[in-house]
Amino acid sequence: MSDHPSNTTQSNSQTTSQPAVSPEELEAAAAAAQASTDPLADAQAELVNLKAQNADLADQYLRAQADVQNARRRADDEITKARKFAVEGFADSLLPVLDSLEAGLAIPNVTIEQIREGSEATLRQLKSALERNKVAEINPTAGTKFDPHHHQAISVVPAQQEANTVVTVLQKGYLIADRVLRPALVTVTAPK
């Protein structure tokens with residue numbers, strides 16, 4: 001009986017140092033485990049099965065890590081490109097405005113009416129380019145409630161309007177995609 005425990009110890013130390021198991025060996029071990037009723041054979045078959053599962057999970061883990069690293073690298077590349085070329089569309093929208101200004105300045109002997117017409121056409125082009133790029137005016141009318149998020153009060157003046165309303169706009173403000181680029185400079189009514 002004393003031989004049996006030492007044999008078990010020797011068998012266990014031999015199985016822990018075995019290399020990775022192929023699927024064929026796994027099937028053979030599983031078939032042998034089913035055929036035998038020996039607890040040692042059952043334990044060895046289970047060990048082989050667990051080693052195979054461990055190797056498979058380790059492989060899956062390494063592949064998942066590689067996928068995450070590749071996704072992170074692609075995202076970093078996209079962010080770099082987005083930052084580098086963010087103004088490309090906006091600049092493209094402004095090129096016709098630049099062309100119009102240069103063409104207007106190249107005409108000799110221009111009348112005041114022609115300058116005015118050219119300036120108005122160029123201003124329409126510029127406004128259109130800004131609208132296409134989601135730049136909107138902040139131009140409150142007189143009597144509009146003062147909004148500190150969109151307006152900047154330059155002075156407070158006495159007026160017949162309700163308190164804290166816009167009296168005049170000194171300079172238009174602008175939004176870009178719902179974010180204030182520049183607040184409108186306004187005068188507001190004094191509290192009563």
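**Exercise 1. Work out how much of the protein chain is buried, and how its contacts are spread along the sequence.**

Step 1. Buried residues make up 14% of the 192 residues in the protein chain, where buried means under 20% relative accessible area with a 1.4 Å probe, protein chains only. Keep in mind that this is a predicted model: local features need pLDDT of at least 70, side-chain atom pairs count only at pLDDT 80 or more, and totals for chains, interfaces and linings use all residues. Residues are numbered from 1 along each chain as its sequence is written, and side-chain values use heavy atoms, with hydrogens and water left out.

Step 2. Now turn to contacts (heavy atoms within 4.5 Å). Of the contacts in the protein chain with a separation of 6 or more, 59% are between residues 24 or more positions apart.

**Exercise 2. Find the helices and strands of the protein chain and give their pattern.**

Step 1. Take the DSSP runs, numbered from the N terminus: helices are H or I with at least four residues, strands are E with at least two. The protein chain has five helices and six strands.

Step 2. Read along the sequence, the pattern is α-α-α-α-α-β-β-β-β-β-β.

**Exercise 3. Describe the sheet that contains S2, S6 and S3.**

Step 1. Strands pair if DSSP finds at least two bridges between them. On that basis, three strands form an open sheet in the order S2-S6-S3, with mixed pairing.

Step 2. Strand S2 (151–157) and strand S3 (166–171) are the edge strands, each pairing on one side only. From one strand to the next, the twist averages 30°, using axes that are lines fitted to C-alpha atoms and angles that run from 0 to 180 degrees between N-to-C directions.

Step 3. Look at one pair: S2 and strand S6 (residues 184–189) run parallel and are joined by six bridges. Val156 stands opposite Val188 in S6.

**Exercise 4. Which strands stand at the edges of the sheet S1-S4-S5, and what does that leave on one side of each?**

Step 1. The order S1-S4-S5 belongs to an open sheet of three strands with antiparallel pairing.

Step 2. S1 and strand S5 (179–182) stand at the edges with a single partner strand each, so one side of each has no neighbour in the sheet. On average, neighbouring strands of this sheet are turned by 35° against each other, direction ignored.

Step 3. Strand S4 (residues 173–176) runs antiparallel to S5, and three bridges join them. Tyr174 stands opposite Arg182 in S5.

**Exercise 5. Characterise the largest pocket and the second largest pocket by volume and lining.**

Step 1. Set the terms. On a 1 Å grid over the protein atoms alone, a pocket is an open set of points where a 1.4 Å probe fits, with protein on both sides within 12 Å along at least five of seven lines; lining residues have an atom within 4 Å of a point.

Step 2. The largest pocket holds about 300 Å³ of space. Its lining has 13 residues, with Gly104, Gln114, Ile115, Gly118 and Ser119 nearest the centre. Helix H4 (88–106) and helix H5 (112–132) are the elements that give two or more residues to this lining, and H5 has the largest share, seven residues.

Step 3. The second largest pocket holds about 150 Å³. Among the residues that line this pocket are Leu123, Lys127, Glu131 and Tyr174. H5 and strand S1 (135–138) each give two or more residues to the lining, with the largest share, five residues, coming from H5.

Key. Points joined across faces, edges and corners; volume = space filled by probe spheres on them. Buried < 20%, exposed > 50% of the residue type's maximum accessible area, 1.4 Å probe, protein only.
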